[in-house]
Amino acid sequence: MFKINDNYLKLPGSYLFSNIAKKVAAYSEAHPDQADQIIRLGIGDVTLPLAPAIIERLHSAVDEMAKQETFKGYAPDLGYEFLRTTIVEHDYQARGCDISADEIFVSDGAKSDSGNIGDIFSVDNKIAVCDPVYPVYVDSNAMSGRTGVYHPETEMWSDVIYMPCVSENHFCPELPKETPDIIYLCFPNNPTGTTLTKDQLQVWVDYALKVGAVIIYDAAYEAYISSENVPHSIYECKGAKGCAIEIRSFSKNAGFTGTRLGFTVVPKDLKCGDVSLHTLWARRHGTKFNGAPYMIQAAGAAVYSEEGRKQTQEQIAYYMNNATTIREGLIDAGYEVFGGVDAPYIWLKTPNHMKSWEFFDYLLEELNIVGTPGSGFGPSGEGYFRLTAFGSAENTKKAMERIRAGKVSGK
Ligand SMILES: Cc1ncc(COP(=O)(O)O)c(C=O)c1O
């Protein structure tokens with residue numbers, strides 16, 4: 001009789017977004033007159049269409065597939081050279097980071113890479129995560145049996161080191177008392193929308209080098225950074241090539257959430273004893289992944305063209321205008337607000353000590369606005385709430401008018 005991977009049975013249900021959808025559907029059904037008034041500021045998905053330069057390149061790449069001379073079959077496992085050299089030039093060398101094209105592994109997105117990277121590490125490693133957190137890091141480690149026992153009452157795993165990121169520590173994780181082997185960091189952060197300065201990130205790099213840990217650095221929201229002292233890549237920190245893997249995505253900088261493209265940087269200097277993690281990840285990638293489609297990689301390279309950069313920067317500016325509208329609207333209404341300066345997420349403290357889900361109900365029922373309860377991202381997210389800047393400018397303004405008029409904060 002076959003056996004299943006029973007680590008899957010230990011996973012708590014991931015009900016956050018389905019619960020939200022159910023609650024919104026039930027409310028709409030009970031109040032059909034309000035259903036079309038509901039404004040959704042809960043999603044982490046982009047809403048603007050792909051930029052013209054990207055669409056143009058997609059079309060021409062499709063045409064290439066129709067001709068014998070330019071048809072492409074399997075892509076190289078690790079990505080086309082044209083994309084890897086473009087990435088290195090614009091994302092790394094332009095920022096003074098000494099990363100080479102053969103340290104870039106092109107993939108179908110940051111979710112796959114952050115979920116799969118655990119394959120190259122022993123099950124005995126202890127992981128450390130920020131709390132609240134993007135759930136993929138914890139769940140993928142749980143699936144491979146690295147997280148121990150789940151305690152529903154605390155919503156924590158026995159073998160995971162949780163690093164609370166709350167207003168009291170300005171959402172900057174503190175070095176843990178227990179020494180981890182693998183440290184997941186994501187900045188600009190989802191869900192809190194906060195960042196670390198280069199000096200703050202350097203502390204983590206120095207720590208990882210000292211204790212022999214590896215940092216998995218998720219920089220999916222790098223394109224939203226506008227502050228001077230916030231690093232776009234962990235490789236801006238000294239020594240990071242000896243301790244960090246960086247994961248990037250085309251989803252949020254260029255709207256590829258439905259198009260699918262990302263990459264991971266595994267520096268050749270990164271070793272466990274004599275074994276290079278680069279070699280292990282190349283082996284894993286070559287065995288389990290057959291390359292991102294040519295057309296999508298061609299479109300990805302177009303993101304870096306002059307027109308592509310201009311157009312995607314305009315899209316980011318559009319979302320960040322929404323972020324400013326939300327931040328200012330909430331501050332005006334008396335809320336305590338975080339993030340939203342270098343990230344498309346705004347993290348707010350719920351008023352009057354309301355639980356995150358209570359505040360969700362209030363926003364939905366009284367103001368017809370949908371957001372995401374902070375507690376859904378981890379126990380330290382309780383009492384917080386996430387709004388996103390990915391809606392339309394018109395709806396975002398309308399939502400803030402309702403919040404200003406609602407003034408639930410009572411401050
Ligand atoms: C922190 C973080 N990493 C990765 C992803 C997924 O990126 P991709 O669309 O490239 O899989 C998301 C998506 O919301 C995210 O918030």
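Modeller: Before we look at any loop in this predicted model, take helices as DSSP runs of H or I with at least four residues and strands as E runs of at least two, numbered from the N terminus.

Colleague: How many helices and strands does the protein chain have on that basis?

Modeller: The secondary structure comes to 13 helices and 17 strands.

Colleague: What radius of gyration would a compact globule of 411 residues have, and what does the protein chain have?

Modeller: A compact globule with 411 residues would have a radius of gyration near 22 Å, and because the protein chain has 22 Å, the two agree. Along the principal axes, the C-alpha atoms fill a box of roughly 60 × 55 × 50 Å. Buried residues make up 45% of the 411 residues, and among contacts between residues at least 6 apart in sequence, 74% join residues at least 24 apart.

Colleague: Which peptide bonds should I look at in the loop between β7 and α7?

Modeller: In general, most peptide bonds are trans. Here the bond from Phe187 to Pro188 is cis, with omega near -5°, and the bond from Asn190 to Pro191 is cis as well, with omega near 15°. Pro188 lies in the loop that runs between β7 (182-186) and α7 (198-211), and Pro191 is likewise placed in the loop between β7 and α7.

Colleague: What is the phi of His170, and what is the phi of Asn352?

Modeller: As a rule, most residues other than glycine have a negative phi. His170, which is not a glycine, has a positive phi near 55°, and Asn352, also not a glycine, has a positive phi of about 50°. His170 sits in the loop between β6 (160-164) and β7, whereas Asn352 sits in the loop between β14 (345-349) and α12 (356-367).

Colleague: Are these two residues buried or exposed?

Modeller: A residue counts as exposed if 12 or fewer other C-beta atoms lie within 10 Å of its own. His170 has 11 C-beta neighbours inside 10 Å, so it counts as exposed, and Asn352 is exposed too, with 11 other C-beta atoms within 10 Å.

Colleague: At what angle do α3 and α11 pack?

Modeller: Helix α3 (residues 52-65) and helix α11 (residues 306-332) pack at an angle of about 135°, with their axes 7 Å apart, which makes α3 oblique to α11. At this contact, Pro52, Ala53 and Ile54 in α3 meet Glu307, Gly308 and Gln311 in α11, and the residues of the contact divide into three nonpolar, two polar and one charged.

How values were computed
Residues are numbered from 1 along each chain as its sequence is written. This is a predicted model: local features need pLDDT of at least 70, side-chain atom pairs count only at pLDDT 80 or more; totals for chains, interfaces and linings use all residues. The radius of gyration is taken over C-alpha atoms; the globule rule is 2.2 Å times the number of residues to the power 0.38. A residue is buried if 20 or more other C-beta atoms lie within 10 Å of its own, exposed if 12 or fewer, and partly exposed in between; C-beta atoms are placed from the backbone. Two residues are in contact if their C-beta atoms, placed from the backbone, lie within 7 Å. Axes are lines fitted to C-alpha atoms, for helices over the stretch in contact, and angles run from 0 to 180 degrees between N-to-C directions. Angles under 35 degrees count as roughly parallel, over 145 as roughly antiparallel, 65 to 115 as roughly perpendicular and the rest as oblique. Ala, Val, Leu, Ile, Met, Phe, Trp, Tyr, Cys and Pro count as nonpolar, Asp, Glu, Lys and Arg as charged, and the others, Gly among them, as polar.
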